[in-house]
Amino acid sequence: MENKTIARTLRLLSQLMELHEENPFKIKSIANAYFKVDKLPFQLKDKAIDEIDKIDGIGKSLAAKIIELLQTGELQELKDIVQQTPEGIIEMLGIKGIGPKKILIIWRTLAIESIGELYYACNENRLIEAKGFGLKTQEEIKKAIEFKLAANGRFLYAQVERFANSLFADLSEWLSTYDAQYALGFAGQYRRACEIIDELEFVIGTDQLSKIKAGFASFTPLSLIAAEDAFITTTEAGLRIKLTLADSAGFHLAWFKQTGNPEHVEKVLTQAGNGPFQSELEIYTAAGLSYIEPELREDFDELVLAKEHKLPDLITYKDLKGTLHNHSTWSDGVHTLEEMALYCKNELNLQYLGICDHSKTAVYAKGLNEQRVFAQQQEIDQLNEKLAPFKIFKGIESDILSDGSLDYSDDVLKTFDFVVASVHSNLRMDEAKATARLVKAIENPYTTILGHPTGRLLLSRAGYPIDYKKIIDACAANKVVIEINANPLRLDLDWRWHRYALEKGVLLAINPDAHRTEGFRDMHYGTLVARKGGLGADKCLNAFSLEEITSYFKQKKV
């Protein structure tokens with residue numbers, strides 16, 4: 001075993017001991033040994049066993065640990081303490097900018113046990129009020145986590161979007177110097193609005209193929225490598241990029257081929273042939289199909305619907321009339337209730353805001369007790385008089401407790417216009433337990449919307465397993481809306497289950513779960529993933545007008 005490996009092992013031991021608040025003198029001794037071993041001018045493995053405890057800074061106790069590592073390749077003391085520590089907490093030690101002291105607060109005070117949960121907490125601004133943290137520290141941690149997640153070569157759609165649009169603009173400007181009639185389009189996962197992006201793809205159509213191929217050697221935004229009819233590269237952040245080139249006549253066929261998933265493409269072209277085609281619409285028409293929007297090209301059920309000309313009229317961002325499930329400074333939000341409302345009214349031109357601050361069990365998020373619920377509702381009444389005809393609906397994000405009951409008595413629950421029921425605690429459940437817990441909450445007559453049904457955090461936490469059909473069937477039977485949580489980390493309910501919910505007559509709601517005014521913009525990502533799931537405006541709760549949703553809430557409470 002090399003010195004660096006021994007040093008890293010000792011460092012991890014000292015960090016975990018600090019997390020578990022063990023003897024500070026012992027922690028300091030092991031931490032000092034880490035530095036000492038790392039700087040030794042010789043390899044410990046080359047030393048005689050009886051000489052190790054004589055090295056300056058290494059006594060008998062530390063020597064015993066080093067000898068154990070050299071002889072067995074592991075350290076029992078470390079194994080024992082690792083077993084007592086959540087895996088996600090150990091992973092946090094690898095994030096630049098947070099040491100054991102801060103991680104201890106994150107773990108013990110904020111009840112966060114994974115990097116994904118920590119990243120989500122940064123988005124919710126839960127760190128800024130914790131001891132030893134602030135807005136600057138929170139932003140530094142967020143950036144460090146983004147860097148760590150990117151190292152795996154997989155990215156959230158939202159993480160890629162700004163770069164993708166910037167690169168598109170650079171390519172457009174560059175191509176125009178070679179060919180005024182060029183064609184350029186996004187393709188692949190990005191054009192299909194997939195929630196996870198492994199590769200960012202573009203298709204270029206031009207009559208100046210040879211010139212453009214030669215010119216790419218001097219395209220400064222990217223260092224491209226030629227590969228058949230494409231150019232490829234990987235950015236410093238780890239994002240793979242592919243540029244496919246075609247002559248102008250073959251652009252639409254190439255664009256089609258590079259957009260849909262392989263099964264979708266093969267099945268369509270088996271019927272349509274290989275053109276030439278003047279548009280993607282022409283390809284689908286040749287195959288006897290209605291035009292299929294890029295988001296739907298996943299070889300799900302879109303080909304059957306297209307053949308029967310029954311494809312849904314997909315929702316757009318402009319269809320949204322209001323926003324539900326949002327937080328203010330009453331719980332863990334950054335902006336006041338009035339600031340959130342004014343932003344929706346004046347900046348987004350929405351008709352209503354549903355405020356759903358956390359319920360009393362969510363102590364970590366300043367959840368509202370009964371007295372504060374009453375006080376908030378008084379403020380809402382005053383603001384509604386001031387902001388009319390814009391309206392703030394009185395909502396709550398009620399925790400679904402371990403037994404499936406909601407957080408508050410019926411006397412309190414009935415004072416809300418609507419209730420979003422969500423799981424935030426005790427996430428380690430098997431499918432039977434999770435399903436039973438959610439079904440009981442769905443059957444509560446005061447539940448209006450089921451919030452982020454699986455609790456997943458993309459690229460970091462799978463979420464608890466549920467029987468999707470049982471959950472959706474229960475929502476259908478109890479007229480409960482299912483949330484599409486629009487936060488790019490969640491996008492939960494997964495789009496693959498939207499169709500089943502819609503077939504069962506369940507309404508969906510594109511909820512940003514905003515904790516600051518900027519968070520309302522996440523409805524853009526919720527809309528994209530809702531389109532993938534086949535959602536139309538008529539089946540989206542917050543595409544209802546103010547009059548329609550007011551009537552809906554009243555009927556639900558009867």
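His309 sits in the loop between helix 15 (302-307) and strand 8. In this predicted model, the phi of His309 is near 55°, a positive value in a residue other than glycine. His309 is exposed, with a relative accessible area of 56%, which is over the 50% cut-off for that class.

A second histidine, His325, is found in strand 8. The phi of His325 is also positive, near 60°, and His325 is not a glycine either. His325 has 0% relative accessibility and therefore counts as buried, since buried means under 20%.

**The chain as a whole**

The protein chain has 558 residues, and 54% of them are buried. Its secondary structure comes to 23 helices and 14 strands. The C-alpha trace spans about 80 × 75 × 45 Å along its principal axes. Of the contacts in the chain with a separation of 6 or more, 69% are between residues 24 or more positions apart.

**The sheet**

Strands 8 to 14 form an open sheet of 7 strands in the order 8-9-10-11-12-13-14, and the pairing is parallel. Strand 8 (322-326) and strand 14 (508-511) are at the edges with a single partner strand each, so one side of each has no neighbour in the sheet. Strands of a sheet pair through backbone hydrogen bonds, in a parallel or an antiparallel way.

At one edge, strand 8 is joined to strand 9 by 3 bridges, and the two run parallel. Gly322 has Tyr352 in strand 9 as its bridge partner. Within strand 9, Tyr352 and Gly354 point one way, while Leu353 and Ile355 point the other way, and all are buried.

At the other edge, strand 13 and strand 14 pair in the parallel sense over 4 bridges. Ile484 is opposite Ile510 in strand 14, and Asn485 is opposite Asn511 in strand 14. Leu508 and Ile510 point one way from strand 14, whereas Ala509 and Asn511 point the other way; all are buried.

Helix 17 (residues 370-387) lies across strand 9 (352-355) and strand 10 (391-399), and runs at about 155° to strand 10. The loop between helix 17 and strand 10 holds Pro389, which is one of the prolines in the table below.

**Cis peptide bonds**

The table gives two cis peptide bonds with their omega values and the loops in which the prolines are found.

| Cis bond | Omega | Place of the proline |
|---|---|---|
| Gly275 to Pro276 | about 15° | loop between helix 13 (262-272) and helix 14 (280-286) |
| Ala388 to Pro389 | near 10° | loop between helix 17 and strand 10 |

**Helix 20**

In helix 20 (residues 468-478), the buried residues are Ile471, Ile472, Ala474 and Cys475. They lie on the same side of helix 20, because they cover an arc of only 155° around the axis. Lys470 and Ala477, on the other side of helix 20, are exposed. The buried residues of helix 20 pack against helix 19 (431-443), strand 12 (449-450), strand 13 (481-485) and helix 21 (498-503). Helix 20 is followed by Lys479, whose phi is positive, near 55°.

**Helix 7 and Lys142**

Helix 7 (residues 115-123) is largely enclosed by the rest of the structure, because 9 of its 9 residues are buried. Among the buried residues of helix 7 are Tyr119, Cys122 and Asn123. Just after helix 7, Asn125 has a positive phi of about 60°.

Lys142, in helix 8 (residues 135-150), is in contact with Tyr119, Cys122 and Asn123, leaving aside its neighbours within four places in sequence. From C-alpha to C-alpha, Lys142 and Lys26 are 32 Å apart in space, with their positions 116 residues apart in sequence.

**The cavity**

A search of the whole structure finds 1 cavity of 30 Å³ or more. The largest cavity has a volume of about 70 Å³. The elements that give two or more residues to its lining are helix 9 (157-176) and helix 22 (523-532). Helix 22 supplies the largest share of that lining, 3 residues. The residues lining the largest cavity include Leu156, Tyr157, Cys194, Glu195, Pro488, Tyr525, Leu528 and Val529.

Conventions. Residues numbered from 1 in each chain as written. Predicted model: local features only at pLDDT ≥ 70, side-chain atom pairs only at ≥ 80, totals over all residues. Heavy atoms only, no water. Buried < 20%, exposed > 50% of the residue type's maximum accessible area, 1.4 Å probe, protein only. Arc of directions from axis to C-beta. Contact = heavy atoms within 4.5 Å. Pairing = 2+ DSSP bridges. Axes fitted to C-alpha atoms, helices over the stretch in contact; angles between N-to-C directions. 1 Å grid on protein atoms, 1.4 Å probe; cavity = no way out; pocket = protein on both sides within 12 Å on 5 of 7 lines; lining within 4 Å. Points joined across faces, edges and corners; volume = space filled by probe spheres on them.
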